[in-house]
Each structure stands twice: as C-alpha cells, then as structure tokens.
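Visitor: Could you take me through one part of this model up close? I'd like the side-chain pairings there, and then what lies around them.

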Amino acid sequence: MSHFDSKVAGELGLRFIDVKLQDGKTYRQYRDILISQYPDKASMGWPTYFVCDNPEGEFDILGEIKGGHMKGEFRKRVQAVLDKVAA
C-alpha cells in the first residue's frame, strides 16, 4: 500500500516518509510526531498518515489520514488536507 501512497504523495508535491514501528532507527527519528497525536497508540488507524510541516525539526501536524484507501480516495483525502492548509 505504501508504494502507491508514496506515488500519490509525490504527485502532490509531498515527501513520503515510511515509518514502520519495527524499523527502530526510522521510528525513533519520527517518534515525537506519532506520540504527539497518539501517546498510547490506542486509537491509531492502520495505516495512519500525517501531513507534517518540518518533520525533522519543530514540526506542525497539518492533517492526518487514517486507514487504507483506494488510490483515488487517498488522493482526495490528502488534497483536502492541503486545501485546508492553503485556505
């Protein structure tokens, strides 16, 4: 799924960072973003995508998309986040 979702993100001018909980190094790098939204990870969807500004630094979460979606629906949901930020 992440392969197609990363293509959509790229087409929308976004960088896609795939963070798997099993990938310790990458997870530790972006852990603060996850913990800021889901301190106990209880209500996360699988997958959960965050649209962030400056993920390597003082980040802002601009929006999120939970759960797997068909490519067209995923594109609409990401675009809706981008449109909301632009407004």
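Visitor: Which residue forms a salt bridge with Arg-77, and how far apart are the closest N and O atoms?

Guide: The partner is Glu-73, and the closest N and O atoms are 2.8 Å apart. Bear in mind that this is a predicted model. Both residues sit in helix H3, four residues apart, which is about one turn of the helix. How open is the pair? Arg-77 has 36% relative accessibility, so it counts as partly exposed. Glu-73 is partly exposed too, because its relative accessible area is 30%.

Now for a pairing with a longer reach along the chain. Glu-11 and Arg-75 meet through their side chains in a salt bridge, at 2.3 Å from N to O. Here Glu-11 belongs to helix H1 and Arg-75 to helix H3, so to speak of sequence, 64 residues separate these distant parts of the chain. On the accessibility side, Arg-75 has a relative accessible area of 29% and is therefore partly exposed. Glu-11 lands in that class as well, with 45% relative accessibility.

Arg-75 turns up again from another angle: setting aside neighbours within four places in sequence, Val-8 is in contact with Lys-71, Phe-74 and Arg-75. And Val-8 takes us inward, as it belongs to the largest nonpolar core, a group of seven residues that also includes Tyr-49, Val-51, Ile-65, Phe-74, Val-78 and Val-81. At least two residues of this core come from E1, and at least two from H3. The biggest contribution is that of H3, with three residues. As background, nonpolar side chains tend to be buried together in soluble globular proteins.

H3 also has a share in the largest pocket. That pocket holds about 880 Å³ of space. It is lined by 28 residues, of which Ile-17, Val-19, Thr-48, Tyr-49 and Phe-50 are the closest to the centre. The elements giving two or more residues to the lining are helix H1 (2–11), helix H2 (24–37), strand E1 (48–53) and helix H3 (71–86). In this case E1 gives the most, with five residues. What sort of residues are they? The lining splits into 22 nonpolar, three polar and three charged. Tyr-49 is worth a second look, then: it is listed in the largest nonpolar core, and it is also among the residues closest to the pocket's centre.

Back to the charged pairs for a moment, since the structure holds four salt bridges. Another of them joins Glu-56 to Arg-15, with the closest N and O atoms 2.8 Å apart. Glu-56 is in the loop between E1 and strand E2 (60–66), while Arg-15 is in the loop between H1 and H2, so this pair ties together parts 41 residues apart in sequence. Its two ends fall into separate accessibility classes, with the cut-off for exposed being over 50%. Arg-15 counts as exposed because it has 55% relative accessibility, and Glu-56 counts as partly exposed because it has 44%.

One last stop on H1: Phe-4 lies in that helix. With a relative accessible area of 49%, Phe-4 is partly exposed. From Phe-4 to Cys-52 it is 48 residues in sequence and 19 Å in space, C-alpha to C-alpha.

Key. Residues numbered from 1 in each chain as written. Predicted model: local features only at pLDDT ≥ 70, side-chain atom pairs only at ≥ 80, totals over all residues. Heavy atoms only, no water. 1 Å grid on protein atoms, 1.4 Å probe; cavity = no way out; pocket = protein on both sides within 12 Å on 5 of 7 lines; lining within 4 Å. Points joined across faces, edges and corners; volume = space filled by probe spheres on them. Nonpolar A, V, L, I, M, F, W, Y, C, P; charged D, E, K, R; others polar. Core = buried A, V, L, I, M, F, W, Y, C linked by side-chain atoms within 4.5 Å. Buried < 20%, exposed > 50% of the residue type's maximum accessible area, 1.4 Å probe, protein only. Contact = heavy atoms within 4.5 Å.
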